[in-house]
Amino acid sequence: MIRVHDIVVSFNLGVGQEHTVLENLSLEVERGQTVSIIGSNGAGKSTLLNAIAGTVPVRGGKIFLDDSDVTPLPEWERAMYVGRVRQDPMAGTAGDMTVLDNLALASRKGPRRFRIATPPKFAREMADRVAELGMGLEDRLRENVSRLSGGQRQALTLLMAVLSRPSVLLLDEHTAALDPANAEIVGELTRRFIAEFNLTALIVTHDMKRALDQAGRVVMMHEGEIIADLSGAEKEKMDVAGLVRLFKKARGSEYAEDRDLLT
Amino acid sequence: MVEGILVEGLIYSILALGVFVSFRVLDFPDLTVEGSFPAGAAAGAVVAQAASLSPNAFVKALAVPAGMLAGFIAGGAAGFVTATVHHRLKVPPLLAGIVTMTGFYSINLRILGGKPNLPLITNNPMLKLARSFMGGILPSEWSLLASCILICFLLFGLLDLFFHTEIGIAMGALGDNENAVIQAGIQPNRLRTWGIMLANALPGLSGAMAAAYQGFADVNLGQGVVAAGLATVMLGELVVHSQFIGLQLARVFLGSIIFRALMYAARSWGYVAGITPNDLRLLTALLIIASVAISRYGRKQR
């Protein structure tokens, strides 16, 4: 469960100058719900995810994950609740370490112990897990991650994000840097993992069609505000053209172009 | 001659292991070594001296190992200072290292009792220990070498094991991608502090061994050790390519022996080319440049 209550996020632009990205934004997501977040560039989608994960500090408001107030917690402590995948396939993995070592790092949250990280039993389990990705990584467990392709690396990052069974999954355009075929595979894996691990997921995307297909709820943001929140029958009736119309209407300006929303 | 090079190479390889941990594993360019190495030498010499003067035969026998332990701890303490300055005050790694190294010059003088150097009463306590340890089976210099090999082998085994533990893996990941470590719910600064302490405890141990080997500790022992350590690590990387931590550790020992052999050659036969002992630092610098150049060029070829 995610509860974002009246959060304020602003960045310093220099001496005395401030740019407020999110102002009194609130959002509630039930346990096990998947929410797509769409909106034009600079709408604050990534900032919202960063605020929830603790990457950027909030100036006001509260953030609850699983009913606990995580607002004062640093990013590494919030990571106990959160699995994350970003757009950059390099961001979530240690490239100069093996696939198996990366999985060992991600298999559990919290402080480490003086214990062999990758015993044979763990390696066998991971070989099975990695085989499910369908990327042929099961034979490459002892290879460095930097040798993998972007798609393989992102699929691995996704597995790493859910492996420790966090309750919340935050995905920030995690298929945007991939070619269409790999984006399709990673998108499908995402759906499978969310169902298997019963995750509460926020997915930022620019792909309108995928936003509608993958989630039971679609949230549209613009200039730091939620301008539309569709779920249930309302969402089921919605199509891509409808989303674009909605965006133009909410933005209330003639010159709003499809491009603003779609890129 | 050969045994001398090997002994020196092995003793200083432990220093280079520390440089490997900070520069390569943690990606933390740490100059603290210039302070932690002589700190280890000073603490090691003082403790070994005190223990060897003890009336208790047992304490006396353990003089050198006790000194080594003291050196290890003293080096780790220097590392702790650097890590704390870096984390608490957000001082960049290089500056944090310089601060600690500068401060430790005075601390080392205090450890040595206000004098710039401390001769050990027993001329070469390490040699003595080694000789008694090997029970006269080998000639004394060679038995000294045998004990150095034993110590290095033990250290290699422990470090290799360490880097296969959860903590070791996390440390490796920290130098590679801090974000991945944070996502695993690990407090990165605490982990890095342990790493930097290890990266300086090893040079401290090396310093204590060097002091015992030479028969004295000197406050200026640390000058140029970072460069020497880096040259060692890079030479090892030139000789052995590997992504496996075991081989990466092993090649540090190899690099150290090659480095000492090159330095020995320059000292002994350098006069042919007009090289004097004054030029050894320049040689070290050129060695680092050459290593970087060769590995860059080699990478392009691949």
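Two strands are said to pair if DSSP finds at least two bridges between them, and helices (H or I, at least four residues) and strands (E, at least two) are DSSP runs numbered from the N terminus. The model shown is predicted, and local features are given only where pLDDT is at least 70, side-chain atom pairs count only at pLDDT 80 or more, and totals for chains, interfaces and linings use all residues. Residues are numbered from 1 along each chain as its sequence is written, while chains are lettered from A and ligands numbered from 1 in the order in which they are written.

**View 1. The hairpin of β9 and β10 in chain A.** Strand β9(A), residues 217-222, and β10(A) pair in the antiparallel sense over six bridges. Along this pairing A:Val219 stands opposite A:Asp229, and A:His222 stands opposite A:Glu225. The two strands form a hairpin with two residues between them, and A:Glu223 in the turn has a positive phi of about 45 degrees. In a regular strand the side chains alternate between the two faces of the sheet.

**View 2. The six-stranded sheet of chain A and a helix packed on it.** The sheet is open and has the strand order β6-β7-β8-β3-β9-β10, with mixed pairing. Its edge strands, each pairing on one side only, are β6 (82-85) and β10 (225-231) of chain A. From one strand to the next the twist averages 15 degrees. Helix α1(A), residues 45-53, packs on the sheet and touches β3 (34-39), β6, β7 (168-172), β8 (200-204) and β9 of chain A, where two residues are in contact if their C-beta atoms, placed from the backbone, lie within 7 Å. The direction of α1(A) makes about 150 degrees with that of β7(A); axes are lines fitted to C-alpha atoms, for helices over the stretch in contact, and angles run from 0 to 180 degrees between N-to-C directions.

**View 3. Helix α5 of chain A.** Helix α5(A), residues 150-163, lies across β6 and β7 of chain A, and runs at about 175 degrees to β6(A).

**View 4. The two sides of helix α6 in chain A.** The 17 residues of α6(A), residues 180-196, should span 24 Å at 1.5 Å a residue, and the end C-alpha atoms are 24 Å apart, which agrees; the expected span is 1.5 Å times one less than the number of residues. A:Asn182, A:Val186, A:Gly187, A:Leu189, A:Thr190 and A:Ile194 are buried, meaning that 20 or more other C-beta atoms lie within 10 Å of the residue's own, whereas 12 or fewer make a residue exposed and counts in between make it partly exposed, with C-beta atoms placed from the backbone. Seen down the axis of α6(A), the buried residues fall within an arc of 165 degrees, so they line one face of the helix; the arc is that of the directions from the helix axis to the C-beta atoms. What covers these buried residues includes β3, α5, β7, β8 and α7 (208-214) of chain A. On the other side of α6(A), A:Pro180, A:Ala181, A:Glu188, A:Ala195 and A:Glu196 are exposed. Just after the helix, A:Asn198 takes a positive phi of about 50 degrees.

**View 5. The four-stranded sheet of chain A.** This open sheet has the order β2-β1-β4-β5, with antiparallel pairing. The edge strands, each pairing on one side only, are β2 (18-29) and β5 (68-69) of chain A. Strand β1(A), residues 2-12, and β2(A) pair in the antiparallel sense over eight bridges, and the bridge partner of A:Val9 in β2(A) is A:Leu22.
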